[in-house]
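Subject: Handing over a structure, with notes on what was found

Dear colleague,

I am passing this structure on to you, and I would be grateful if you could read the notes below with it open beside you.

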Amino acid sequence: MKILFAKALLFLMFFTLFSCETKNQKAESKPYKAGVILSFDDAYVDEWAEADAALRKYDWKATFNVCRIDSIGAPEIKTLLEMQKYGHEIAGHGYHHYNAVKFVKQNGIDAYMKQEIDPMIVSMKKKSFNVTSFAYPYGERSDELDKALSKDFKIIRGRASGGEVPEKQDSYFNNSKIVFAFDIDNSHIHFSIPYVLELLDYAKKHNKILLLCGHKPVKNVTENYQVKIETLEFICKYMKLNDLKFYKLSDLDNLLPESK
């Protein structure tokens, strides 16, 4: 009788362990299609709308990270709402566009949340923007800031380093709510079409989601923080030809591993 009981107990322990391992494996693996997140920072609403008009033939979707929301005029707010209705994401980029790391160093994390984040959330909600993602101004972040912002945002985006071979780039989604985007503005020191092509090829080959960011879409570059619409067309054409998916920052939340 004791032997049978011991065998039953061992079987139960093995079954429980196997079940837990199976559940953990399922939690860790959420398959998704290779794709790209195109995101834009600041408040270049008119230029964003021009890019949107040029790129809708690709059925594109993008994330527009807006700062200084209360300084944007009513016509631009209407445009952003129309873009949101179409399927783009309108996300947060700071109420004043402070450099978060420098501000916190001088004033503390509580002051940053009260002056830069809380009023932004309140104002954007009043204007009917459903904000669940945040992009750091200037791309500068810290673990302390990530922790504080995680209470208000599901996805938090920083800036990726550049000039590395694709497999060393941190501009691919890596099952974390803290993500990083490669800058495709023409003035960015590491930007070039051949390098972007390398990043896209790597995403396709290894089933990754590549994150890209820019600021002001233009036909002809005249200053810093501008990305050519031609560059955006190149990316969209590549995606269509290679069956890559358009993602938004908020889409990543659904791909995060479930809590164990």
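Strand 2, residues 63-66, is covered on both of its faces, since Thr63 and Asn65 on one side and Phe64 and Val66 on the other are all buried. Here helices (H or I, at least four residues) and strands (E, at least two) are DSSP runs, numbered from the N terminus, and buried means under 20% relative accessible area, exposed over 50%, and partly exposed in between, with a 1.4 Å probe and protein chains only.

Please keep in mind that this is a predicted model, in which local features need pLDDT of at least 70 and side-chain atom pairs count only at pLDDT 80 or more, while totals for chains, interfaces and linings use all residues. Residues are numbered from 1 along each chain as its sequence is written, and side-chain values use heavy atoms, with hydrogens and water left out.

As for the whole, the protein has eight helices and ten strands, and of its 260 residues 47% count as buried. Of the contacts in the protein with a separation of 6 or more, 72% are between residues 24 or more positions apart, where contact means heavy atoms within 4.5 Å.

To return to strand 2, its partner strand 1 (residues 35-42) runs parallel to it, and four bridges join the two; two strands are said to pair if DSSP finds at least two bridges between them. Within this pairing, Asp41 stands opposite Asn65 in strand 2. Asp42, which also has its place in strand 1, has a positive phi of about 90 degrees although it is not a glycine, and it is buried, with a relative accessible area of 12%. Most residues other than glycine have a negative phi. Arg68, in the loop between strand 2 and helix 3 (74-86), is another residue other than glycine with a positive phi, in this case near 50 degrees, but Arg68 counts as partly exposed, at 38% relative accessibility.

A second set of strands involves strand 6 (residues 178-183), which is mostly covered, with six of its six residues buried. Strand 6 pairs with strand 5 (residues 155-159) in the parallel sense over four bridges, and in that pairing the bridge partner of Ile156 is Ile178 in strand 6. Strand 6 is also joined to strand 7 by two bridges, again in a parallel run, and there Phe182 stands opposite Leu212 in strand 7.

Three residues elsewhere in the chain may help you to find your way around.

Asp52 lies in helix 2 (residues 45-55) and counts as buried because its relative accessibility is 4%. Its side chain makes a polar contact with the side chain of Arg56 at 2.8 Å, a polar contact being a pair of N or O atoms within 3.5 Å of which, within protein, one must be able to donate a hydrogen and the other to accept it, and for which residues adjacent in sequence count only if both atoms are side-chain atoms. Leaving aside residues up to four places away in sequence, Asp52 touches Trp60, Met83, Tyr86 and His88.

Lys208 lies in the loop between helix 7 (193-206) and strand 7 (209-214), and it is partly exposed, with a relative accessible area of 25%. Its C-alpha atom is separated by 8.5 Å from that of Asn174, although the two residues are 34 residues apart along the chain. Not counting residues up to four places away in sequence, Lys208 touches Ala34, Gly35, Tyr172, Tyr202 and Ala203.

Lys228 is found in strand 9 (residues 226-228) and, at 26% relative accessibility, counts as partly exposed. The C-alpha atoms of Lys228 and Asp185, which are 43 residues apart along the chain, are separated by 7.5 Å. With residues up to four places away in sequence again not counted, Lys228 touches Asn186, Val218, Lys219 and Val221.

With kind regards
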